[in-house]
Number of protein chains: 2
Amino acid sequence: MNNPVEEIREGLMEAMGRITSFWGFSRIMGQLYGLLYLSPNPLTLDEMSESLAISKGNVSINIRALERWSMVKAVWVKGDRKDYYEAETDFWKIVKGVLREREKKEFDLALDSVGKLLRKSVETQKTAKSAEAAFAIERLKKLEDFIQTMDKLVGVLMTLEDIKRNLFGLTKKK
Amino acid sequence: MNNPVEEIREGLMEAMGRITSFWGFSRIMGQLYGLLYLSPNPLTLDEMSESLAISKGNVSINIRALERWSMVKAVWVKGDRKDYYEAETDFWKIVKGVLREREKKEFDLALDSVGKLLRKSVETQKTAKSAEAAFAIERLKKLEDFIQTMDKLVGVLMTLEDIKRNLFGLTKKK
DNA sequence: TGATACGTTTAGAAAGTTCTAAACGTTAGA
DNA sequence: TCTAACGTTTAGAACTTTCTAAACGTATCA
């Protein structure tokens with residue numbers, strides 16, 4: 001506890017907890033990730049449970065969530081039947097995964113909903129013209145256009161081979 | 001209720017509720033926004049309270065949050081002492097505001113935390129060399145670099161005059 | 001003035017979420 | 001086969017968030 005590296009690890013756990021919480025994951029996911037990220041060796045459920053002072057069940061659930069999002073991976077340690085985990089250190093890979101699995105889906109869903117409403121409005125306008133329906137059509141079109149652009153933006157980010165190089169290359173004039 | 005435009009409005013309220021909830025705002029903020037976005041006239045607290053079937057106090061709190069984020073604006077209606085609200089329809093403006101007020105701050109904070117931890121690690125390493133500290137330094141540097149890049153990316157998006165035109169201009173070859 | 005029509009604040013109810021401890025099922029080795 | 005060491009699931013406790021109804025303060029108009 002008075003070990004300076006221990007203090008640093010705790011600092012990162014706190015910071016990562018903040019970050020995951022902000023991005024809509026559980027705080028404990030971040031704390032676990034922070035712990036693993038600064039551990040030279042992979043850790044077991046029990047070790048993590050102890051480090052964070054939370055129940056083993058809680059670690060189990062959160063470590064599986066981290067695994068689901070490819071933020072940590074299980075590694076096999078010869079001669080031990082416990083499961084060991086280590087942090088995925090390729091952040092771009094993690095970001096791309098989250099964009100693909102979560103953000104992209106959300107945009108697609110939004111696009112779908114608004115598209116349906118727009119078609120419904122146009123249908124309504126055909127049978128019974130009204131200023132109200134015309135107004136709705138105009139606004140929904142604008143919204144659809146916006147979501148489409150955001151959707152494309154996410155799509156581009158998702159497929160870039162190296163976000164860093166590519167994105168910052170592009171912001172400079174040739 | 002059987003009015004088709006009414007149905008469309010309800011559809012958008014639902015969709016916008018989903019969206020704001022996903023992005024870490026309250027669901028009701030989205031529903032209010034959806035309602036206002038498809039209303040040809042600005043609406044009062046009581047009208048919104050009625051449309052969403054929620055208490056006036058709840059509308060009051062959520063409409064002020066929307067105002068804070070520049071998603072709606074209050075308009076003055078001559079001869080009426082009630083407050084009227086209408087939707088801000090410039091989505092790029094809203095996105096930029098949120099990036100500036102919320103996302104940017106979060107990145108800066110993360111950068112700050114990690115920077116501090118990194119400096120502390122280097123300090124530790126000076127007085128008492130250890131493989132553990134060296135490992136921490138290496139990993140923290142990598143993390144700092146990543147956050148810095150994301151931070152810059154947000155900064156670029158934030159200041160672009162027209163995100164749509166600029167970003168998609170850049171993804172095409174010349 | 002007083003009465004009324006507002007938006008805001010608040011105390012506590014309701015709903016939702018996250019956590020733990022214990023029960024559980026499975027595997028491995030004696 | 002029995003026992004012990006695992007990770008997972010679960011029931012309910014603890015905590016957090018969100019909502020309402022009512023009280024409140026202020027401005028308006030008679």
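A polar side-chain atom of B:Arg64 lies 2.9 Å from a phosphate oxygen of DNA strand C; a polar contact here is a pair of N or O atoms within 3.5 Å, and within protein one atom must be able to donate a hydrogen and the other to accept it, with residues adjacent in sequence counted only if both atoms are side-chain atoms. This is a predicted model, in which local features need pLDDT of at least 70 and side-chain atom pairs count only at pLDDT 80 or more, while totals for chains, interfaces and linings use all residues. Residues are numbered from 1 along each chain as its sequence is written, chains are lettered from A and ligands numbered from 1 in the order in which they are written, and side-chain values use heavy atoms, with hydrogens and water left out.

DNA strand C also has polar contacts through its bases. An N or O atom in the side chain of B:Lys56 is 3.1 Å from a base nitrogen of this strand, and for the side chain of B:Arg81 the distance to a base nitrogen is 2.8 Å. In total, 14 residues surround DNA strand C, the closest being A:Ser55, A:Asn58, B:Ser60, B:Arg64 and B:Arg81; a residue is near a strand if one of its heavy atoms lies within 4 Å of it. Of the strand C atoms within 4 Å of the protein, 76% belong to sugar or phosphate and the rest to bases. Helix 4 of chain B (residues 56-68) supplies the largest share of the surface near this strand, 4 residues. Helices (H or I, at least four residues) and strands (E, at least two) are DSSP runs, numbered from the N terminus. The surface near DNA strand C divides into 4 nonpolar, 4 polar and 6 charged residues; Ala, Val, Leu, Ile, Met, Phe, Trp, Tyr, Cys and Pro count as nonpolar, Asp, Glu, Lys and Arg as charged, and the others, Gly among them, as polar.

Next comes DNA strand D. Of the 14 residues around it, A:Ser60, A:Arg64, A:Arg81, B:Ser55 and B:Asn58 come nearest. A base nitrogen of DNA strand D lies 3.1 Å from a polar side-chain atom of A:Lys56, and a base nitrogen is 2.8 Å from an N or O atom in the side chain of A:Arg81. From chain B, a polar side-chain atom of B:Asn58 is 3.0 Å from a phosphate oxygen of DNA strand D. Sugar or phosphate accounts for 73% of the strand D atoms within 4 Å of the protein, and bases for the rest. Helix 4 of chain A (residues 56-68) gives the most to the surface near DNA strand D, with 4 residues.

The two protein chains can be compared by superposition. Chain A can be laid on chain B with an RMSD of 0.1 Å by a turn of 180° and a shift of 0.0 Å along the axis, using least squares on the C-alpha atoms of residues with pLDDT of at least 70 in both. That is the relation of a two-fold axis. The copies meet through the same surface, because 100% of the interface residues of chain A are also interface residues in chain B.

Helix packing occurs between the chains and within chain A. Helix 6 of chain A (residues 131-159) and helix 5 of chain B (residues 91-127) pack at an angle of about 45°, with their axes 11 Å apart. Axes are lines fitted to C-alpha atoms, for helices over the stretch in contact, and angles run from 0 to 180 degrees between N-to-C directions. Helix 6 of chain A and helix 5 of chain B are therefore oblique to each other, since angles under 35 degrees count as roughly parallel, over 145 as roughly antiparallel, 65 to 115 as roughly perpendicular and the rest as oblique. Within chain A, helix 2 (residues 27-37) packs with helix 4 at an angle of about 80°, their axes 9 Å apart. That makes helix 2 of chain A roughly perpendicular to helix 4 of chain A.

Key
Contact = heavy atoms within 4.5 Å.
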